Amino acid sequence: MEEELRRAAFGDSPDLDVWPALSSSSSRVRWLAAVVLGGQGHYAAAATVLDALRHDPDPVIASLALSTRASHHRQLGAHHLARALDGAALTRAGGTGGGDPDGIDADGARVDALLGLAADSLGAGRPEEARRLLARVETGGSWRAEVRRGWVSAEVELVSGRAHAAVAPAEEAYDVATSRKALRHQLKSALVLGTSLVVWGTPDGLTRGVELVECELNHSVTKRLHPLIWPSALVLVGHAPTVGAVAIDRATEALSCVLRRADPVSRQVALDSPWVPSGLLRSGEPPNADPQKNFLTD
C-alpha cells in the first residue's frame, strides 16, 4: 500500500482514491494519504489525520504532519497559523538522517519545516527573512526538496519585485519535477514558472507563461486538483483574453469546492484573508488580491 500511496503523493496518480488508507495501522501510510487529500483539496479530512499524527512517536512523521498541516493553512491564507506549526515541525525533526527517495526522513522533515517558515515569512511581508531561511536549506540531493526550494525561491523574487530573477529557480523546479514524473509537483512548478514569466512580461516569456499555465490548468481540472485550479485560473485573467471568462468560472468553482471541504476554522480564516480571493464567491468578479504574488506559497 505504501508504494501506491507514494505514487499518489509524489508520482503520477495524484487523483487516486486514498480514503481506505486512512484506516491503515501505518502512520506513514496515513500521512501519505493526508498529503494526497490535501492536494485534492480535502482539507478537513486531511486535518483530522494530520492533527493526530503530530503526536506520533516517530519524530519524522510528527514533524512532517506539522509541516503538511501548515502548508494547508498557507494555501488558505493563514500564514500566521502556519508559522507556529512550521516552528514546531523544525523542533520535532530533531537529528539528521536521509536516504529516503521522497524525503520521508529526518533531513527531509527539516527541509520541509525550513521551507515552510520561509513561505510563512513571505506571507508576513518579510522577504529578507525568507531569504535567510532559504540559505539554511540543504537539499542533500532530494528531488522534492529541490523542487520546493525552487518554488519558494521564485516566490521570494516575485514578492521582491524581481520577476526576472524568479524564472531560473522556477525553471529548475519544473525540470526536476518533470524528470521525476511527479505530476502534482510538475503542475505546481508549471504554475510557478508560468506566473514568473507572465509577471516578467517579455513578449516571448508572456506567450510561454500563458501556455504553461493554460496547460497546467487543464491537467489540474482533469485530475481535480482544486488547490491548483483557482490560482492558475486567476493568473490567466487579464493575460489570456480568450479564456478569461472561463477562467473566472473555474476559479470560482474550485475555490468554492476547496472552502466547502475545509474545516470551520480554516474556512473562516480563508474568507477573512486578503490572500484568498473570496470575493469571487460573492460577485464573480476578479479579486483585488494579486494572483501573481499571493497564491503560490505552498
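In this predicted model, helix α6, which spans residues 106-123, packs against helix α8, which spans residues 143-159, at an angle of about 15 degrees and with the two axes 10 Å apart. Angles under 35 degrees count as roughly parallel, and α6 and α8 are therefore roughly parallel to each other. In passing α8, helix α6 makes a left-handed crossing.

The contact draws on V111, D112, L115, A118, A119 and L122 from α6, while α8 contributes R144, A145, R148, R149, V152, E155, V156 and V159. Sorted by class, the residues in this contact of α6 with α8 are nine nonpolar and five charged, with no polar residues.

The same two helices also appear around the empty space in the model, since α6 and α8 each supply at least two residues of the lining of the largest pocket. That pocket holds about 320 Å³ of space, and its lining is made up of 21 residues, among which D107, G108, E138, T139 and G140 lie nearest the centre. The largest share of this lining comes from α6, which gives five residues. By class, the lining of the largest pocket divides into nine polar, six nonpolar and six charged residues.

Turning to the cavities, the count comes to two of 30 Å³ or more. The second largest cavity has a volume of about 30 Å³, and the residues that line it are D102, G103, G108, V111, D112, S142, R144 and A145. Here α6 and α8 are the elements that give two or more residues to the lining, and α6 gives the most, with three residues.

The table sets out the classes of residues for the helix contact and for the two linings.

| Site | Nonpolar | Polar | Charged |
|---|---|---|---|
| Contact of α6 with α8 | nine residues | no residues | five residues |
| Lining of the largest pocket | six residues | nine residues | six residues |
| Lining of the second largest cavity | two residues | three residues | three residues |

Some residues can be followed from one site to another. V111 and D112 of α6, together with R144 and A145 of α8, belong to the contact between the helices, and V111, D112, R144 and A145 are also among the residues that line the second largest cavity. G108, for its part, is one of the residues nearest the centre of the largest pocket, and G108 is likewise included in the lining of the second largest cavity.

Technical notes. Residues are numbered from 1 along each chain as its sequence is written. This is a predicted model: local features need pLDDT of at least 70, side-chain atom pairs count only at pLDDT 80 or more; totals for chains, interfaces and linings use all residues. Side-chain values use heavy atoms; hydrogens and water are left out. Axes are lines fitted to C-alpha atoms, for helices over the stretch in contact, and angles run from 0 to 180 degrees between N-to-C directions. Helices (H or I, at least four residues) and strands (E, at least two) are DSSP runs, numbered from the N terminus. Angles under 35 degrees count as roughly parallel, over 145 as roughly antiparallel, 65 to 115 as roughly perpendicular and the rest as oblique. A crossing is left-handed if the near helix is turned anticlockwise from the far one by less than a right angle, and right-handed if clockwise. Contact means heavy atoms within 4.5 Å. Ala, Val, Leu, Ile, Met, Phe, Trp, Tyr, Cys and Pro count as nonpolar, Asp, Glu, Lys and Arg as charged, and the others, Gly among them, as polar. On a 1 Å grid over the protein atoms alone, a cavity is a set of points where a 1.4 Å probe fits but cannot get out, and a pocket is an open set with protein on both sides within 12 Å along at least five of seven lines; lining residues have an atom within 4 Å of a point. Grid points are joined across faces, edges and corners, and a volume is the space filled by probe spheres set on the points.
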